[in-house]
Amino acid sequence: MQPPARSNRAYRIVAHIVRPILRAMTRHDWSGTENFPREGGFIVTSNHMTNIDPLTFAHFLWDNGVAPKILAKAPLFKIPVLAGVLRATGQIPVYRNTASAGESLTAAVTAIGDGDVVAVFPEGTLTRDPDLWPMVGKTGIARLALTTRAPVIPVAQWGAQNLLARYGKLLKPFPRKLVTVVAGPPVVLDDLYDRPQDTATLREATERVMDAITALLAQVRDEEPPAVRYDMRKPLAQGEKRVGGDHATHPELP
């Protein structure tokens, strides 16, 4: 297959190495790529369950003509070898709670303006939901979407957590794991474009993105998501009942 048009040489070399490894460990069920805009930069967002799902996410995008620039935690850019790979392929560091925090948004806005696709995990970290449903998202996705007015494509993936458990250290490559990834239509945000980017607007935009991702994941899992999305700032009290989700049906999950 032809590499994505906007991939550089380093990206192509990395893909040439990583894709065969992922194919050896996974089977894929991919759908919804007809929702990708045919031209111009856009934003693609996904749920985040395990440290391997950035690779399965990128695999899905690459094989469907997209070389994503992924917003990744800044500490990853300090790890020998990995840091060089991330920089060479144009990934974007996220500096949280520092004076450099705004640089991430600026870099992402520039990339989209240049016609690139920026990939975002709106939760900002691995979900803490006990049944791996998406939790409350951070408003960075809303700032990026409302600033650029670029299409936001929601994506749900499921199955990567069976290859590498949440917080897991050891891969379970055999037997090959089925990884399902589905993309949905753009999230409707145009009615928010001209509103001030205050807390209410940013939260509304973020919730719409998370709702779209959760709805796609519910279809993939054929389950009902929790009525209340897990919030790291307000964790459920021990023993408090949640509606939806059935951890017992997923014996491979942590």
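User: Before we look at helix 4, what does buried mean here?

Analyst: Buried means under 20% relative accessible area, exposed means over 50%, and partly exposed lies in between, with a 1.4 Å probe and protein chains only. This is a predicted model, in which local features need pLDDT of at least 70, side-chain atom pairs count only at pLDDT 80 or more, and totals for chains, interfaces and linings use all residues. Residues are numbered from 1 along each chain as its sequence is written, and side-chain values use heavy atoms, leaving out hydrogens and water.

User: Which residues of helix 4 are called buried?

Analyst: In helix 4 (residues 101-113), they are Ser-104, Ala-108, Ala-111 and Ile-112. Helices (H or I, at least four residues) and strands (E, at least two) are DSSP runs, numbered from the N terminus.

User: Why are they said to line one face of the helix?

Analyst: Seen down the axis, the buried residues fall within an arc of 95°, so they line one face of helix 4. The arc is taken from the directions from the helix axis to the C-beta atoms. Thr-106 and Gly-113 are exposed, on the face turned away from the buried side.

User: How do you know that strand 2 and strand 5 pair?

Analyst: Pairing requires that DSSP finds at least two bridges between two strands. Strand 2 and strand 5 are joined by four bridges and run parallel, therefore they meet the definition. One of the bridge partners is Val-117 in strand 5, for Phe-42.

User: What makes strand 3 a partner of strand 5?

Analyst: Two bridges join strand 3 and strand 5 in the parallel sense. Lys-69 has Val-118 of strand 5 as its bridge partner.
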